[in-house]
Amino acid sequence: MTTHSNLVHGEAGTLSLGSALVVVAVLALIGVFVHQGAAIMAVDEVSGAAFGAARAAARQTSAETATAAADHRARRALLGGACRPGSTVVLVDTRRFEPDVSSDGRPRPGHVFVRVSCVTSAEGKAVSASGFAPVSPYRDRP
Amino acid sequence: MTRDDVGGVPIMVAVLATSLLVFGGVLIVDNGFVGAAEARVGRVADAAALEAAYALDLHAYRSTAAVGPELRAARDLAAPVVRRSGYVLESVDLDGSVVVVVVRGTQPTPWMSVFGVGELSVRAVGRARLELA
């Protein structure tokens, strides 16, 4: 036996309360999934910017220029992307920038660590990621 | 046939379709998380491979057949840096003049935890060429 208690008849595209709820639930789920996808892409973008900035810094010859290069590179990478303009914060750790030699005479590369954080334009959520790059101990060689 | 209709669609069909959508969405979202984590681990692995390549004593490497000590030294230098990023350096090897590094980590899967899978293992391989050899 068929029950049509909630159906409105005689119109094109009739919808019962139950099916309307299902449609709303499905749309809400799709919205949640899209929202999660946007968050994933934002974190990936910030992570890429952090590693790109670290690599750019590691090619510099001093800690000062490395900091400036990392900051510039990270901001440029995030320009027009998932981050809200003006919200990008770049922290550069160059304490161990200079390569040296270990006690047993082995070359020991220096390091640049970069942490990039920002607020996403779409959802206003804070995201951050870290990156690093080694500094070549052979960079002064001809 | 008894049909408790939802707008002309049997409830069973509606429930099944919604469940499939939820399950598919959960898989897609958490796979997205894992894919993004793989990209991050890949970047760490590439940086670690470069680190290991820089750390190899190339003169010692070329003058002796015993590569083991050099690789151990490279691993000792690269491992703490990888750990600082929250991952684990699994291995450092040489393939000709290419340093091959494997980095491992875990990625939480918040949606799949509903089905009892709280995290997935993520591995990535990084390579760097010994250009100074």
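Tutor: A residue is called buried if its relative accessible area is under 20%, exposed if it is over 50%, and partly exposed in between (1.4 Å probe, protein chains only). The model is predicted, so local features need pLDDT of at least 70 and side-chain atom pairs pLDDT 80 or more, while totals for chains, interfaces and linings use all residues. Residues are numbered from 1 along each chain as written, chains are lettered from A and ligands numbered from 1 in the order written, and side-chain values use heavy atoms, without hydrogens and water.

Student: Is A:Phe132 buried or exposed?

Tutor: The relative accessible area of A:Phe132 is 1%, and the limit for a buried residue is under 20%. A:Phe132 therefore counts as buried.

Student: Which kind of aromatic pair do A:Phe113 and A:Phe132 form?

Tutor: Four aromatic pairs are found over all chains (ring centres of Phe, Tyr or Trp, the last by its six-membered ring, within 6.5 Å; planes under 30 degrees apart are stacked, over 60 edge-to-face, the rest tilted). For A:Phe113 and A:Phe132 the centres lie 5.9 Å apart and the planes make an angle of 35°, and the pair is tilted.

Student: How many residues apart in sequence are the parts that this pair ties together?

Tutor: A:Phe113 belongs to strand β4 (residues 110-119) of chain A, and A:Phe132 to strand β5 of chain A; strands are DSSP runs of E with at least two residues, and helices runs of H or I with at least four, numbered from the N terminus. The pair therefore ties together parts whose separation in sequence, in residues, is 19.

Student: Why is the pair of B:Phe23 and B:Phe115 given its class, and what is that class?

Tutor: The ring centres of B:Phe23 and B:Phe115 are 5.2 Å apart and their planes stand at 85°. Because of that angle, the class of the pair is edge-to-face.

Student: Which element gives the most to the largest nonpolar core?

Tutor: This core (buried Ala, Val, Leu, Ile, Met, Phe, Trp, Tyr and Cys joined through side-chain atoms within 4.5 Å) has 31 residues, of which B:Leu89, B:Val99, B:Val101 and B:Val103 touch the most other members. Two or more residues come from each of α1, α3 (68-84), β3 (88-95), β4 (98-108) and β5 (119-129) of chain B. With eleven residues, the element that gives the most is α1(B).
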